[in-house]
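Q: Please take a close look at a single part of this model and set it in the context of the rest of the chain. I would like the reasoning to be visible at each step.

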Amino acid sequence: MAHFEAERPILVRQLRGRIEEIGASIHTGRRPMDDLRACVTGRGRGPERPPADGYAPFAPMQRWGGLDQTTWFRMTARVPKEWKGCRVAAMIQPCAYTDIPGLPFDHDQSGEGLAYVNGKPFQGLDRNHRIM
């Protein structure tokens, strides 16, 4: 504590650097996805090729799936022209509702998925990995 005044400029520089780092990671300018659609392929169906058809309109926060239920989603992301050169991320929460019938309300099971970009597997999604 005796050197606190001497260390103040160092601490201020470190804090400013951290604040800039945090500021750069905040997601601003959010836009909703376009043309969100879902296709239920049934129980016990693991990963396979996405269905070519059978997709119906789907709204954000609408309930979907169930225990061991496979549902495919399609959506379109349009990046505004003014974002050219900016880093862009998609925030997708496949597990906003976790009260699956037949399981206790406070269970630890939740939705998970595999995101495809332009028809190719890109990244897994779950309650801990929702930004891609």
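A: Cysteine 86 has a relative accessible area of 49%, so it counts as partly exposed, since the exposed class begins over 50%. Cysteine 39, by contrast, is buried at 8%. The structure, which is a predicted model, holds 0 disulfides. A disulfide is a covalent bond between the sulfur atoms of two cysteines.

The protein as a whole gives the setting for the closer view. Its secondary structure comprises 1 helix and 5 strands, and the elements follow the order α-β-β-β-β-β from the N terminus. Of its 132 residues, 16% count as buried. Among contacts between residues at least 6 apart in sequence, 52% join residues at least 24 apart.

The part chosen here is the sheet built around strand 1. Three strands make up this open sheet, in the order 2-1-3 and with antiparallel pairing. Strand 2 and strand 3 each have a single partner strand and therefore stand at the edges, so one side of each is left without a neighbour in the sheet. Strand 1 (residues 34–43) is joined to strand 3 by 7 bridges, and the two run antiparallel. One position in this pairing is glycine 42, which stands opposite threonine 70 in strand 3.

Threonine 41 gives a detailed view of strand 1. Its relative accessible area is 18%, so it is buried, as the cut-off for that class is under 20%. Apart from neighbours within four places in sequence, threonine 41 is in contact with Pro51, Thr70 and Trp72. Thr70 is thus a contact of threonine 41 and also the residue opposite glycine 42. In a regular strand the side chains alternate between the two faces of the sheet.

Another residue of strand 1 is aspartate 35. It has a positive phi of about 50 degrees although it is not a glycine. Most residues other than glycine have a negative phi, and most peptide bonds are trans. With a relative accessible area of 47%, aspartate 35 is partly exposed.

Strand 3 also carries aromatic side chains. A pair of aromatic rings is described by the distance of the centres and the angle of the planes. The count of aromatic pairs comes to 2. In one of them, phenylalanine 58 and phenylalanine 73 have ring centres 5.1 Å apart and planes at 70 degrees, an edge-to-face arrangement. Phenylalanine 58 belongs to the loop between strand 2 (56–57) and strand 3 (69–76), whereas phenylalanine 73 is in strand 3; the two are 15 residues apart, and the pair links distant parts of the chain. Phenylalanine 58 is buried at 12% relative accessibility, while phenylalanine 73 is partly exposed at 28%.

The rings of tryptophan 72 and tyrosine 116 form a tilted pair, because their centres lie 5.9 Å apart and their planes meet at 55 degrees. Tryptophan 72 is in strand 3 and tyrosine 116 in strand 4 (residues 113–117), so this pair ties together parts of the chain 44 residues apart in sequence. Tryptophan 72 is buried, with a relative accessible area of 12%, and tyrosine 116 is partly exposed at 30%. Tryptophan 72 is also one of the residues in contact with threonine 41.

Through tyrosine 116 the view passes to strand 4. Strand 4 pairs with strand 5 (residues 120–125) in the antiparallel sense, over 5 bridges. One of the paired positions is glycine 113, whose bridge partner in strand 5 is leucine 125. The two strands form a hairpin with 2 residues between them. Asparagine 118, in the loop between strand 4 and strand 5, has a positive phi near 55 degrees, although it is a residue other than glycine. At 77% relative accessibility, asparagine 118 counts as exposed.

The helix completes the account. Helix 1 (residues 4–25) has 22 residues, which should span 32 Å at 1.5 Å a residue; its end C-alpha atoms are 30 Å apart, which agrees. A kink of about 30 degrees, centred on isoleucine 10, is present in helix 1.

Key: Residues numbered from 1 in each chain as written. Predicted model: local features only at pLDDT ≥ 70, side-chain atom pairs only at ≥ 80, totals over all residues. Heavy atoms only, no water. Phe/Tyr/Trp six-rings, centres within 6.5 Å; stacked < 30°, edge-to-face > 60°. Helix = DSSP H or I, 4+ residues; strand = E, 2+ residues; numbered from the N terminus. Buried < 20%, exposed > 50% of the residue type's maximum accessible area, 1.4 Å probe, protein only. Pairing = 2+ DSSP bridges. Contact = heavy atoms within 4.5 Å. Disulfide = S-S within 2.5 Å. Expected span 1.5 Å × (residues − 1). Bend = angle between axes of the 7 residues up to and from the residue.
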